[in-house]
Amino acid sequence: MERTFRIYRFNPEEAKEPHYDTFTIEVDQTWTVLDALNAIKWHHDGTLAFRRSCRHGICGSCAVMINGKNELACEKLVASLKGVITIEPLKQFPVLRDLMVEQEEFFEKLRLVKPWLINHTSPPTDKERLQSPEDRRVIDGMWECILCGACTSACPAFWDNDSFLGPAALLKAFRYVGDTRDEGLDERVGILDSKIGVWRCHTIFNCVEACPKSLNPTDAIVKLRKRLVKEKL
Amino acid sequence: MRYRWHAGYVAWLLNRITGILITFYLVMHIWVIHHLAHGPEQYKQVMDFLSSKLFVFFELGIIGVVLYHMMNGIRIVLVDFGNSVTNHKTIFWVLMAIGVVLYVFCAWDLAVLFLGLDSAAGAGGH
């Protein structure tokens, strides 16, 4: 079947304003949007720029806005979309070219929350640092984030102030703060409790709507807030 | 800039708008009350002006504005301090339904006045 794709194009080195190119191509019933983007790049316009890597919804490279919704191009079936399919880069991040956005700051904010296990005691020599199943469940829905940036791109608090850590970094922060094996809250509290930390979230829930992995960053932010309040009391 | 319409976004947007309207109303309210300092005559003049149908209509509006801000405020407290992050949409619609009932209860007398249905009963009270 034939489908039409309307794709955002922008090369900051050559043009002042972005424009849209339309491609009508033959697609298979089983194709994802990424398959279609590949077909356009390989057979119609080799200058089309977009990121992709794993093709299995786990690397987070191909997050784009498809018909106004943040999606992973490799997981969204073309057959599930109606009419002309509009593909745009994630909002608010600076566009490097076409569907590729600058994400260096996004990852810098992630580094600020120290997304690794901080523990000041030596691990047991005969076994791993064990958790009870109940303790482990606390971080369910927190560790699955693939850092695609869909949530942060959809966050009005981030649009308002792009120094805000954003839902992705805060979700990852709770993945460790909520981990019973972690002892690093003291090292993270400075950034989490700052002007660019958890208090900037207005619980608008755009991040939850945008997450292609159906995670709930607002839940993580609210839990971080409760934890910070408890620590202060 | 906007992402997509959904209950959480609409709730936040209306909270901002109603917040601004309430601030505006409070300033107006203080302006009206300050006429008390100028004596009963001036205050009566202002109150007569505010008794027009247009201002009764605005008052019907401000009841809705305050009720919305209040009900959504309860939702935000439940999200922040309760365990309502995952069911915030249901809570939004339940609170809005309660808000509508409260609106009817609170605005009934004013609506009667606005529609001129009170003249037969001779009731006033506002």
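## Helices α6 and α9 of chain A

α6(A) and α9(A) sit oblique to each other. This is a predicted model, so take everything below as a description of a prediction. Where does the word "oblique" come from for α6(A) and α9(A)? The axes of helix α6 (residues 166-177) and helix α9 (residues 217-232) of chain A cross at roughly 55°, and because angles under 35 degrees count as roughly parallel and 65 to 115 as roughly perpendicular, an angle that fits none of the named ranges is called oblique. The two axes come within 8 Å, and the crossing of α6(A) and α9(A) is left-handed.

If you want to find this contact on screen, look on the α6(A) side for A:P167, A:A168, A:L170, A:L171, A:A173, A:F174 and A:V177. On the α9(A) side, the residues to click on are A:P217, A:A220, A:I221, A:K223, A:L224 and A:R227. Sorted by class, the contact of α6(A) with α9(A) has 11 nonpolar residues, no polar ones and 2 charged ones.

## α9 meets α7 too

Helix α9 of chain A also has a partner in helix α7 (residues 185-192) of chain A, where the axes come within 12 Å and cross at roughly 110°. That angle is why α7(A) and α9(A) are described as roughly perpendicular to each other. The crossing of α7(A) and α9(A) is left-handed.

Which residues meet between α7(A) and α9(A)? From α7(A) come A:L185, A:V189 and A:L192, and they meet A:L224, A:L228 and A:E231 of α9(A). Split by class, this contact of α7(A) with α9(A) has 5 nonpolar, no polar and 1 charged residues. A:L224 turns up in the contact with α6(A) and in the contact with α7(A).

## The sheet of chain A

Over to the strands. Chain A has an open sheet of 5 strands with mixed pairing, and their order is β2-β1-β5-β3-β4. β2 (19-26) and β4 of chain A are the edge strands: each has a single partner strand, so one side of each is left without a neighbour in the sheet. From one strand to the next, the twist averages 35°.

Strand β3 (residues 63-66) of chain A runs antiparallel to strand β5 (residues 85-88) of chain A, and 2 bridges join them. β3(A) also pairs with β4(A), again in the antiparallel sense, over 4 bridges. A:M65 is a handy landmark here: its bridge partner in β5(A) is A:E88, while in β4(A) it stands opposite A:N70. The hairpin of β3(A) and β4(A) has 2 residues between the strands, and A:N67 takes a positive phi near 50° there.

There's a helix on this sheet as well. Helix α1 (residues 33-43) of chain A lies across β1 (2-9), β2, β3 and β5 of chain A. Relative to β2(A), α1(A) runs at about 100°.

## Two domains in chain A

The domain assignment splits chain A into domain 1 (2-101) and domain 2 (104-232). Their C-alpha centres lie 29 Å apart. Each side chips in the same way to the contact, with 12 residues from domain 1 of chain A and 12 residues from domain 2 of chain A.

What gives the largest share of the side of domain 1 that touches domain 2 in chain A? That would be strand β4 (residues 69-72) of chain A, with 3 residues. By class, the side of domain 1 that touches domain 2 has 6 nonpolar, 3 polar and 3 charged residues.

## Where chain B comes in

The contact between the chains takes 13 residues from chain B and 17 residues from chain A. On the chain B side, the elements that give two or more residues are α1 (7-33) and α3 (53-81) of chain B. The side of chain B that touches chain A is made up of 7 nonpolar, 4 polar and 2 charged residues.

α3(B) also packs against a helix of its own chain: the axes of α3(B) and helix α4 (residues 88-114) of chain B come within 9 Å and cross at roughly 155°. That crossing angle makes α3(B) roughly antiparallel to α4(B). The crossing of α3(B) and α4(B) is right-handed, and their contact has 23 nonpolar, 3 polar and 3 charged residues.

Methods:
Residues numbered from 1 in each chain as written. Chains lettered and ligands numbered in written order. Predicted model: local features only at pLDDT ≥ 70, side-chain atom pairs only at ≥ 80, totals over all residues. Contact = placed C-beta atoms within 7 Å. Nonpolar A, V, L, I, M, F, W, Y, C, P; charged D, E, K, R; others polar. Domains from an automatic or database assignment. Pairing = 2+ DSSP bridges. Axes fitted to C-alpha atoms, helices over the stretch in contact; angles between N-to-C directions. Parallel < 35°, antiparallel > 145°, perpendicular 65-115°, else oblique. Left-handed = near helix turned anticlockwise from the far one by under 90°.
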